[in-house]
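I opened this notebook page to keep track of what I looked up, one site at a time. The entries are kept in the order in which I went through them.

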Amino acid sequence: MSFTVHGLPVSQGIAIGHAHLVSHALLEVNHYKIAPRHLEAELERFDNAVSSVGDELLGLKTATATAQSHNEVGAFIDLQRMMLEDPVLIDAARNKIKEHHYNAEWALVQQMESVVDQFRQIEDPYLRERKADIVQVAERLVKVLLGDPGPLPSKRRDGLGTVIVAHDLSPADTIGFKDHIAGFITDIGGLTSHTAIVARNLGIPAVVGLRHIRHLLRANELIIVDGTRGIAIIDPDESVVEEYLLRRSALELERSKLKRLRDTPAATLGGEVIELLANISGPQDMAQIKETNADGVGLLRTEFLFVNRDALPDEDEQYEIYRSILKAASGKPVSARTFDIGSDKTLAGSAQDEPNPALGLRAVRYSLAEPKIFLTQLRALLRASAHGKLQIMVPMLAHADEIEQTLLLIGKAKEELREEKIKFNEKLLVGGMVEVPAAALALGMFVRRLNFLSIGTNDLIQYTLAVDRGNEAVVRLYDPLHPAVMKLISTTIQTSQRAGLPISICGEMAGSPAYTLLLLGMGLRSFSMHPARILEIKKQILRADLAEITPKVQRILKLDEPARIREAVEKLTG
Ligand code: PEP
Ligand code: MG
């Protein structure tokens, strides 16, 4: 019987295929005691499993480093490799074998549960994600101990793919499966879960948070995954499969047509040229800038270069990374955001103990509280500025003195470099991110002190609506079309333009075609987004008639009834 389940749409596209159920190894563990004479052999079995999983992860890391990949993926694998060396998990499990004579699987699962219990007491969302990593590493180890290296479905002959159905998947599993997989569906996970990020990077349709899907399905059952709407259709009727096959071909055709837009200038019907920039998290993303011919980098999330490490790299290492990005940018502008550390992006090993981390020591607040770290980054950025069109962008500004202190530190870094006779761009531009409502409402104090602005809608929405952007429970309330959010975006664009300051948007809204015409109508002329979205947004721009859209959007901005706003925006986009 056919039925449909709803989850979170985390990676767009359509997959049609047969279910491949990934076993939940942790639930299949037997408990027994080892006879003293077999203890040595059991310990050896355990050690071999640890080193075999280590080799497996290293192999995956090498495979993804050579394939076109993204550094978040490599960083997740590194993190799991680190866990394999963590005494709290590994040595303690080993001791359970030695002292209590538990079998290896039992010892491991017991220790994992005790570590996970400790993690449960912690509110910090970044650490909650780490809990999932521990479970995934343990699951991998148990699979090896059970003699199951993990299922590797082969290519099917009926032209349909394989859909991986799991309780949860580790990024390593996701990568391991990628070659012959049509889609992923999982019981748990949020929009920012690792599986979601990796699936998006690999371009594989995925729906997560389907609760009990793993238990509702039988192996080989036919499934349609609609990663755009966030649904999975189990055992669909023939007519539904036909419909989705057509939709899938239309999407594929659309994608190949989009590629032809690479060299078309992004201009509206009236000839106004719009700037299309890319959001990146490291040098490895620069290839996509070339593929899509982006106008530059509107947001380099520098903290992603380093969040999975115990300590930040020194000035020279940072300088080399920034310089390599500028080299790959070949003269195009690169806006490097200073570390947005804190909240969901803590440094490995520095658990933050704040009751409300999103409202705590995050981004510029963290940087100013750690002037040594900040100065090191500023010096590295300034040194790199001698090699290209680098600009510095400061996140999460709310107070004038935050920008004043930052400018003072930039001045100090410049002074030091001058004394050391090290070259940098004396005229380097400094901009700020508008992502706190206070900054949008009192923009004058930033306009007077900065050279450019960029609206971080992801946080602006979170802070305006008091909705945690990473919490699935309140995802319904996270609304870019809320009249308060739209008013803040539109005033920010207008105030900035009146003052002659360049302004861009680098939040997810800039990369969603549903909002392109709305933002153009608000006056926005520069968009920064994941490189994979650039050509789709360009397509929207090519059909935009600013003379027609602008008055319509001004009327939408006067509305404050959500249903009418939604209807008007949908009509605008057509
Ligand atoms: C934003 O908040 O919109 C933004 C671009 O920054 P991040 O998503 O990294 O917080
Ligand atoms: Mg932000």
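The entries below go through the metal site, the ligand pocket and one serine.

**Entry 1, the metal.** I began by noting that the model is predicted, and then asked which protein atoms act as donors to the magnesium ion, ligand 2. I found two residues, Glu435 through OE and Asp459 through OD, lying 2.0 to 2.2 Å from the ion. I then looked up where the two sit: Glu435 belongs to the loop between β13 (429-434) and α15 (437-441), whereas Asp459 is part of helix α17 (residues 457-465), so the pair ties together parts that are 24 residues apart in sequence. I also checked their exposure, and Glu435 is buried at a relative accessible area of 2%, while Asp459 is likewise buried, with a value of 2%.

**Entry 2, the ligand beside these residues.** I next went through the polar side-chain atoms facing the oxygen atoms of ligand 1, and noted that one from Glu435 lies 3.0 Å from such an oxygen, that one from Asp459 lies 2.9 Å from an oxygen of the ligand, and that Arg337 places one at 2.8 Å. How much of ligand 1 does the protein bury? Taken alone, ligand 1 exposes 290 Å², and the protein buries 99% of that area.

**Entry 3, the shell.** I listed the surroundings of ligand 1 and found 15 residues, of which Arg301, Arg337, Gly456, Asn458 and Arg469 come nearest. Sorted by class, the shell holds eight charged, four polar and three nonpolar residues. Which elements supply at least two residues each to this shell? I noted β10 (297-301) and α17, with α17 giving the most, namely three residues. I add here that α17 is also the helix in which the magnesium donor Asp459 lies.

**Entry 4, a serine.** I turned last to Ser385, which I located in the loop between α13 (371-384) and β12 (390-394). Is Ser385 buried or exposed? With a relative accessibility of 3%, Ser385 counts as buried. I followed its side chain and found that it reaches the backbone oxygen of Leu382 at 2.5 Å. Leaving aside residues up to four places away in sequence, I recorded that Ser385 touches Leu326, Leu390, Phe424, Asn425 and Leu428.

Note on methods
Residues are numbered from 1 along each chain as its sequence is written. Chains are lettered from A and ligands numbered from 1 in the order in which they are written. This is a predicted model: local features need pLDDT of at least 70, side-chain atom pairs count only at pLDDT 80 or more; totals for chains, interfaces and linings use all residues. Side-chain values use heavy atoms; hydrogens and water are left out. Donors are N, O and S atoms within 2.8 Å of the metal (3.2 Å for Na, K and Ca); water is not among the atoms, so sites may look incomplete. Buried means under 20% relative accessible area, exposed over 50%, partly exposed in between (1.4 Å probe, protein chains only). A polar contact is a pair of N or O atoms within 3.5 Å; within protein, one must be able to donate a hydrogen and the other to accept it, and residues adjacent in sequence count only if both atoms are side-chain atoms. Contact means heavy atoms within 4.5 Å. A residue is near a molecule or strand if one of its heavy atoms lies within 4 Å of it. Accessible areas come from the Shrake-Rupley method with a 1.4 Å probe; for residues, only the protein chains shown count as cover. Ala, Val, Leu, Ile, Met, Phe, Trp, Tyr, Cys and Pro count as nonpolar, Asp, Glu, Lys and Arg as charged, and the others, Gly among them, as polar.
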